[in-house]
Structure formats: C-alpha cells, structure tokens
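New to this one? Take a moment to look it over, then read on for a short tour.

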Amino acid sequence: MAYENKGTINAGVIQRAGGAGMGAPVTALDEAGVASGQAFLVSELSRRDPLVRKPLTSVTYPRDIVVRAGGGWVDYIAAQSVGYGVTGGSGDGAVQAGGSNGLPIVQANLEAGVYKAHTFAVALRTMWVDMQKAGYIGRSLDQLLQDGVRQTYDKHMDENVYRGMARFGSTGLLNNPDVVETTVAASGTGGSTKWADKTKEQILADINSAILAVWQAAEYDESALPNHILLPYEQYAYLLNAMVTDLAGESILDYLLKNNLAAKNGGSLFIGATRWNKGAGTGDSDRMVVYCNHERFVQVEELVPLSRALTQPNAAEFCYDTAYAANLSEVEIFYPQTMAYFDGI
C-alpha cells in the first residue's frame, strides 16, 4: 500500500500537496513557526504566574522612632522646652531658719526649638491605552503604580529618619551634630575596638558603658534610661551567631539582653540592626547608636501623611496624571543628651 504525500513543512507552515486551492496553510508549532510570529495558541498553552515580583528593599524607620501624624502644611515646627533655676541652688540654699526674711526664687527659662519641614511630592502617569490593555490581564495598572509611589515614600522616610537630607541641611538619628560621639574601648585582641575581636564580657562592657554614659548625661532620670540600640547588620549577626560557650545554647545577643544595665534597672533594651549604621561613624567606621526611643525625647512628624492630591487627564500625552504629596519633618531630637554615638565596633 502506497502512502499519499500530504505536504511538507516549510518555514513553520505546513504546505499542502496539490498547490493552490487546497485551503489555508496549517501553522506548525516548530522553531521556525515561533520565530516568524506564527506560534499557535501560545497564550492558551502557557501558565500565567499571578504573583508580581516587586523590587527588593527594606525600611525600618517605624521600628526605631515614633512617627507622629497631623499638623498640616507648615515650613517649620516649634517645640517648647523649659529650664529651671533657683537662687543658691536646690541644696542647702533652700534651707531656712527662724527669722529669715528672704526666700530663694525659682525661675523658668522658656525656649523654642525650631525644626524644618519639607514637602514630599511625586507623580504617576498612566497611559490611556495601557489602562485599556490592563483589563485583559486581570491586574490593576493603577495599583501597581501606587505601590511604586508608596515604596518611594517609605525609602524617602527611611533616609530622612536615619541620615536626613544633607542637601537641605537636615540630619537624622545617626548624624546629629548635637549628639556626643566617641569610640568604644580598645580592649579587643591586639588593642582592637571591633566586636569581632572581643569577648562577650568586653562587648557587654561596651554596651553598659554606653548606657551609663547616656543615662548619666540625663541626670539618671528613670524615664530617660536608654532602651534602644542600633547596630550594623554585620555586628548584629555576629552577636546572634556567636555562642556564649561551646556547651551553652545561648548567643551573645541573648547574654547581652539579659545582663545589660537597662534590664537590671527595671527597663527593657532593644538591640536591632539597620543598613544605615554601616560606615556612619567618623572615618567611615561602623557606628552604634544608644538612645531612649520615646516621643518625649525624639520623634519625626508626618504633618500631612502621603495622600492622593489630584488627578487629571492629559490629552496631549494621551494619559492620566496623578500627584501624591506629604508634608514631613526632619528628625526632632528634643534632648540630645539622651542619645550618643559609639564608633569602631
């Protein structure tokens, strides 16, 4: 029995035997067919992953500072502070005897600290044709772009909180010029200041010395007892990975959290890491920040939280433009003595 020649495959298209008049060519799903744009039902034969993979990033500012909302559109923030004084001091100068005809006078000195505010504003543009196409894929193009706005805002806030905006003369948690900075003790191997060269006891001594220095500068006010320490990720990981002893299942971090000065005086201590501490110290050294994380001592203000300001069609560009804006303060450190920087760790 002879087989009839049904045709040949040429450039991804099955050519029917018999020449013209035999019907439309049949598309073949071979390499040539794909290359010539004739792939058959590709959209039906592929599985669409519903997960949209966004850029990798991190922000930690909500953990490390109080964010206070409200206040409106302003350029500056004035924070009142008061200092007290008494004639002869508060010790034996206030002791009186019978027949005294003069009393020491308590006086108040009111001052206003001024902090800068700035406007954050970005826009997103949605092309009209793209909006129509988005309906076929089951995703909101507008929502994807809004997520990008939010990520931009969070990264702006992260830099604003930790470093400030040098271009506009503002500072953050890691570089305020009013905060005292020093270098940790050179007690490690070979006179090193780095924690990787120190024992757990030497690291604990650095932590407790830092807490004590800040607390002492605050006149040992119990409300100002430091409760927050920020480190670079490398030092944080070292504390977490290194064990107290070969036999004990306790890391140096656990040891520090249980035996520090704050914990032994009724407080609680948080030790965390940020990417901003790396190289933040003098001479690009790694910096440890010790402070009291409370709105009485330090905060940042979202005077106007991020909001959708306006949307309008743009016929010339065939799109919709949407503006987002917020009003933010620089980091407000009300008591610089409740914070200190320790470099060289």
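What follows is a walk through the chain as a whole, two residues, a pair of helices and the empty spaces.

## The chain as a whole

First things first: this is a predicted model. The chain runs to 345 residues, and 34% of them are buried. Its secondary structure adds up to nine helices and 14 strands.

How much of the contact in the chain links residues 24 or more positions apart? Counting contacts with a separation of 6 or more, such pairs account for 71%.

## Leu-303, a buried residue

Let's zoom in on strand S11, which covers residues 298-314 and is where Leu-303 sits. Is Leu-303 buried or exposed? Its relative accessible area is 5%, and since anything under 20% counts as buried, Leu-303 is buried.

So who are its neighbours? Setting aside residues within four places in sequence, Leu-303 is in contact with Gly-70, Gly-71, Gly-72, Val-74, Ile-77, Ala-117, Asn-327, Leu-328 and Ser-329. Take Asn-327 from that list: Leu-303 and Asn-327 are 24 residues apart in sequence, with 5.3 Å between their C-alpha atoms.

## Lys-116, a partly exposed residue

Over in strand S6 you'll find Lys-116. With a relative accessible area of 34%, Lys-116 is partly exposed, because that value falls between the 20% limit for buried and the 50% limit for exposed.

Not counting residues up to four places away in sequence, Lys-116 touches Asp-75, Tyr-76, Phe-168, Gly-169, Ser-170, Leu-328, Ser-329 and Glu-330. Leu-328 and Ser-329 may ring a bell, as they are also among the contacts of Leu-303. As for Ala-78, 38 residues separate Lys-116 from it in sequence, and the C-alpha to C-alpha distance is 9.1 Å.

## Two helices that cross

Now for a pair of helices: H7 spans residues 233-241 and H8 spans residues 252-259. At what angle do H7 and H8 pack? The angle is about 90 degrees, and the axes lie 5 Å apart. Angles from 65 to 115 degrees count as roughly perpendicular, so that is how H7 and H8 are arranged.

On the H7 side, the contact is made by Tyr-236, Tyr-238, Leu-239 and Leu-240, while H8 brings in Ile-252, Leu-253 and Leu-256. By class, the residues of this contact come out as seven nonpolar, with no polar and no charged ones.

## The largest pocket

Time to look at some empty space. The largest pocket holds about 450 Å³, and 14 residues line it. Nearest its centre are Ser-81, Val-82, Gly-83, Phe-334 and Tyr-335.

Which elements give two or more residues to this lining? They are strand S5 (76-86) and strand S6 (106-127). S5 gives the most, with six residues. Sorted by class, the lining has seven nonpolar, five polar and two charged residues.

## One cavity

How many cavities of 30 Å³ or more does the whole structure have? A search finds one. About 30 Å³ of space lies in the largest cavity.

Its lining is made up of Ser-58, Thr-60, Asp-158, Tyr-233, Thr-274, Arg-275 and Trp-276. These divide into two nonpolar, three polar and two charged residues. One of them, Tyr-233, has the number at which helix H7 begins, since H7 covers residues 233-241.

Technical notes: Residues are numbered from 1 along each chain as its sequence is written. This is a predicted model: local features need pLDDT of at least 70, side-chain atom pairs count only at pLDDT 80 or more; totals for chains, interfaces and linings use all residues. Side-chain values use heavy atoms; hydrogens and water are left out. Axes are lines fitted to C-alpha atoms, for helices over the stretch in contact, and angles run from 0 to 180 degrees between N-to-C directions. Helices (H or I, at least four residues) and strands (E, at least two) are DSSP runs, numbered from the N terminus. Angles under 35 degrees count as roughly parallel, over 145 as roughly antiparallel, 65 to 115 as roughly perpendicular and the rest as oblique. Contact means heavy atoms within 4.5 Å. Ala, Val, Leu, Ile, Met, Phe, Trp, Tyr, Cys and Pro count as nonpolar, Asp, Glu, Lys and Arg as charged, and the others, Gly among them, as polar. Buried means under 20% relative accessible area, exposed over 50%, partly exposed in between (1.4 Å probe, protein chains only). On a 1 Å grid over the protein atoms alone, a cavity is a set of points where a 1.4 Å probe fits but cannot get out, and a pocket is an open set with protein on both sides within 12 Å along at least five of seven lines; lining residues have an atom within 4 Å of a point. Grid points are joined across faces, edges and corners, and a volume is the space filled by probe spheres set on the points.
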